[in-house]
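Okay, thanks for squeezing me in today. Have a look at this one on the screen while I talk you through the parts I picked out.

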Amino acid sequence: MTIRECAVIAIEGTQAAGKTTLVNALTAHYREQGINVTNTGEPARTSPFMEAIVLHGQGTFDLVAELDLFAQHFTVPLRAARNHRLLVTDKTPANVLALARLVLDPTEPGTAETLMAMRAMCRAWMPQAYDLVINCRDRFDQKAGGDRFREKVLNLQDEAETAIYQACKDSRVAIAELPTGLDTAERVQWIAEQVSERGLAAA
């Protein structure tokens, strides 16, 4: 158990891997079991920088936007974990690091150094903060539902899948590979078995 008295499970993967659906389903599953559980949404959807870039077409992904998003992946789970026994998070800081490496120009002043610092922070903190990362490799229709937050990264799905996995692996956090082709209920059951084996979700 890593964040004080709260076990933390992260759901990771590329765009449209079904992460958010799975986070909510897994949270509901544990609530039904009487576990004091909560979850975090995807921080990008509450970022004023990402809103400006994605929804209003104001600017492009830059170091300020990525660093703000990276910071949220630390503060949001830390606050959510307070007074809970189990926390399910939508992504990890490694996800932001991976995508930042894909969209930022490392020759811009301060960018390469900041990316190196972000990597060091992931390696220092993620093994302490996350008990288990579930890596999702399924692919769903990125355009389904008209999700505008995916529009600017539609072409990065393949690159992002590899980059995110490698960034998580580099952080030295425990990773479990979710089998592909399962429906939501089967995904929840598979994860629940992994969590139970590790003793992470006792009531």
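One bit of bookkeeping before the sheet: I call two strands paired if DSSP finds at least two bridges between them. And keep in mind that this is a predicted model.

So, with that, what order do the strands come in? There's an open sheet of five strands, and reading across it you get β2-β3-β1-β4-β5, with parallel pairing. The edges are β2, residues 37–40, and β5; each has a single partner strand, so one side of each has no neighbour in the sheet. On average, neighbouring strands are turned by 20° against each other, if you ignore direction.

Let me walk through some of those pairings. At one edge, β2 runs parallel to β3, residues 86–90, and four bridges join them. In that stretch, Thr40 sits opposite Thr89 of β3. Further in, β1, which covers residues 7–13, pairs with β4 in the parallel sense over five bridges. There you'll find Glu12 standing opposite Asn135 in β4. Then β4 is joined to β5, residues 175–177, by three bridges, parallel once more. If you want a residue to click on, Val133 has Ile175 in β5 as its bridge partner.

Now, how many of the residues of β4 are buried? Five of the five, over residues 132–136, so the strand is largely enclosed by the rest of the structure. And that goes for both faces: Leu132, Ile134 and Cys136 are buried on one side, Val133 and Asn135 on the other.

What about the helices that pack on this sheet? Helix α1, residues 19–32, touches β1, β2, β3 and β4, and its direction makes about 170° with that of β2. Helix α6, residues 157–170, lies across β1, β4 and β5, running at about 145° to β5.

Next, helix α4, residues 93–103. Eight of its 11 residues are buried, so this helix is also largely enclosed by the rest of the structure. The buried ones are Pro93, Ala94, Asn95, Val96, Leu97, Ala98, Leu99 and Ala100. As for what covers them, that includes β1, α3, α5 and α6.

That brings me to Cys122, which is in helix α5, residues 111–129. Is Cys122 buried or exposed? Its relative accessible area is 2%, and the cut-off for buried is under 20%, so Cys122 counts as buried. Leaving out residues up to four places away in sequence, Cys122 touches Phe70, Pro93, Ala94, Leu97, Pro127 and Ser171. Among those contacts are Pro93, Ala94 and Leu97, which we just met in the list of buried α4 residues. One distance for scale: the C-alpha atoms of Cys122 and Phe140 are 28 Å apart, with the two positions 18 residues apart along the chain.

Okay, empty space. How many cavities of 30 Å³ or more are there? The count comes to one, and its volume is about 30 Å³. The lining is Ile3, His73, Phe74, Pro77, Leu78, Trp125, Ala129 and Tyr130. By type, that divides into seven nonpolar, one polar and no charged. Helices α3, 63–81, and α5 each supply at least two of the lining residues, and α3 gives the most, with four.

Then there are the pockets, and I'll take the second largest, at about 150 Å³. It's lined by Ile3, Arg4, Glu5, Cys6, Leu78, Ala81, Arg82, Asn83 and His84. Here the split is four nonpolar, two polar and three charged. Ile3 and Leu78 appear in this lining, and they appear in the cavity lining as well.

Last thing, for anyone who checks backbone torsions. Two residues that aren't glycine have positive phi: Ala16, near 60°, and Arg172, at about 70°. Where are they? Ala16 lies in the loop between β1 and α1, while Arg172 is in the loop between α6 and β5. Their surroundings contrast: Ala16 is buried, with a relative accessible area of 3%, whereas Arg172 counts as exposed at 53%.

That's my tour, so over to you.

Methods
Residues numbered from 1 in each chain as written. Predicted model: local features only at pLDDT ≥ 70, side-chain atom pairs only at ≥ 80, totals over all residues. Heavy atoms only, no water. Buried < 20%, exposed > 50% of the residue type's maximum accessible area, 1.4 Å probe, protein only. Contact = heavy atoms within 4.5 Å. 1 Å grid on protein atoms, 1.4 Å probe; cavity = no way out; pocket = protein on both sides within 12 Å on 5 of 7 lines; lining within 4 Å. Points joined across faces, edges and corners; volume = space filled by probe spheres on them. Nonpolar A, V, L, I, M, F, W, Y, C, P; charged D, E, K, R; others polar. Axes fitted to C-alpha atoms, helices over the stretch in contact; angles between N-to-C directions.
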